[in-house]
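Student: I would like to learn how to read a model of this kind feature by feature. Could we begin with one residue and its surroundings, and then widen the view?

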Amino acid sequence: MNIQPTPYDHPDAVKLEDAVQAEYAVRYGDEGDATPLDATMFTPPHGLYLLAYDEDGTPVATGGWRAQDANPEGYSDGDAELKRMYVVPEARGLGLARRILAALESDARSAGRTRMVLETGTAQPEAIALYLSSGYAPAPKFGHYRDYPNSRCYAKPLT
């Protein structure tokens, strides 16, 4: 597998964004994740977006982080927010999410971020298990879905 930095608006990233949104819609019975995102949020050193490609050059996984600081949505100074972690069904179970997560944490740490935070939901038990097994702990709610009852927030110190 080849994991490489890629713009969030690259055609391969858009393809996987569409796939993850379709999965969110099925899992949550809605139209997907409405968190406002744009490509500039993932531009180093204030963020990073990664794509993983298989040996045939097919995009199979994504993940990114974007810088956050204290604001009314509940973030804290120094936060790096994990966004769009996704692995296509055919590539699940290969450790790609864990590899992308580690690379994103390392990059955010190098960029001076002090805590990685993420929001997920109760309809994604596999994601929750990944984060808990990777050292994340439940955190006070923040972000776009902070008022939703099925939202779950997690954080991990990067220092």
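**Reading the model residue by residue**

Tutor: Let us start with Thr-35, which sits in the loop that runs between helix 1 (11–28) and strand 2 (47–53). Please keep in mind throughout that this is a predicted model.

Student: Is Thr-35 buried or exposed?

Tutor: The general idea is that a residue counts as buried when its relative accessible area is under 20%. Thr-35 has a relative accessible area of 10%, so it is buried.

Student: Which residues does Thr-35 touch, leaving out those up to four places away in sequence?

Tutor: A contact here requires heavy atoms within 4.5 Å. By that reading Thr-35 touches Arg-66, Lys-83, Arg-84, His-144 and Tyr-145. In addition, the side chains of Thr-35 and Asp-33 are joined by a polar contact of 2.6 Å.

Student: Arg-84 appears among those partners of Thr-35. What is the phi of Arg-84?

Tutor: Arg-84 has a positive phi of about 55°, although it is not a glycine. This residue belongs to strand 4, which covers residues 79–87, and with a relative accessible area of 4% it is buried.

Student: Which peptide bond is cis, and what is its omega?

Tutor: The bond from Pro-44 to Pro-45 is cis, with omega near 5°. Pro-45 is placed in the loop between helix 1 and strand 2, and Thr-35 lies in the loop between those elements as well.

Student: Let us turn to the other end of the sequence. Where is Phe-142 placed, and is Phe-142 buried or exposed?

Tutor: Phe-142 is in the loop between strand 6 (137–138) and strand 7 (151–157). Its relative accessible area is 1%, and Phe-142 is therefore buried.

Student: Which residues does Phe-142 touch, again not counting those up to four places away in sequence?

Tutor: Phe-142 touches Glu-73, Gly-74, Tyr-75, Glu-81, Val-117, Leu-118, Glu-119, Cys-153 and Tyr-154. A related reading compares positions in sequence with positions in space: Phe-142 and Ser-76 are 66 residues apart along the chain, while their C-alpha atoms are separated by 9.5 Å.

Student: Pro-140 is found in the loop between strand 6 and strand 7 too. Is Pro-140 buried or exposed?

Tutor: For the exposed class the relative accessible area must be over 50%. Pro-140 reaches 68% relative accessibility and so counts as exposed, whereas Phe-142 is buried. For Pro-140 and Glu-90, which are 50 residues apart in sequence, the C-alpha to C-alpha distance is 34 Å.

Student: What can be read for Ser-151, which lies in strand 7?

Tutor: Ser-151 is buried, with a relative accessible area of 2%. Leaving aside neighbours within four places in sequence, Ser-151 is in contact with Glu-119, Thr-120, Gly-121, Lys-141 and Tyr-145. With Tyr-145 we can be specific about atoms, since a polar atom of the Ser-151 side chain lies 3.4 Å from the backbone oxygen of Tyr-145. Ser-151 and Tyr-53, on the other hand, are 98 residues apart along the chain, and 30 Å separates their C-alpha atoms.

Student: Lys-156 is found in strand 7 as well. Is Lys-156 buried or exposed, and with which side chain does its own side chain make a polar contact?

Tutor: At a relative accessible area of 18%, Lys-156 is buried. Its side chain makes a polar contact of 3.2 Å with the side chain of Glu-105. Besides Glu-105, Lys-156 touches Arg-115, Met-116, Ser-134, Gly-135 and Tyr-136, again not counting residues up to four places away in sequence.

Student: Now for the wider view: how many helices and strands are there in the protein chain, and in which pattern do they follow along the sequence?

Tutor: The protein chain has three helices and seven strands, and read along the sequence they follow β-α-β-β-β-α-β-α-β-β. The radius of gyration is 15 Å, close to the 15 Å given by the globule rule for 159 residues, so the chain is as compact as a globular protein of that length.

Student: What share of the residues is buried, and what share of the contacts with a separation of 6 or more joins residues 24 or more positions apart?

Tutor: Buried residues make up 46% of the 159 residues, and residues 24 or more positions apart account for 63% of those contacts. The chain exposes about 7,700 Å², of which carbon and sulfur atoms supply 54%.

Definitions and conventions. Residues numbered from 1 in each chain as written. Predicted model: local features only at pLDDT ≥ 70, side-chain atom pairs only at ≥ 80, totals over all residues. Heavy atoms only, no water. Helix = DSSP H or I, 4+ residues; strand = E, 2+ residues; numbered from the N terminus. Rg over C-alpha atoms; globule rule 2.2 N^0.38 Å. Buried < 20%, exposed > 50% of the residue type's maximum accessible area, 1.4 Å probe, protein only. Areas by Shrake-Rupley, 256 points an atom, 1.4 Å probe, with all protein chains shown as cover. Polar contact = N/O pair within 3.5 Å; in protein donor to acceptor, adjacent residues only side chain to side chain.
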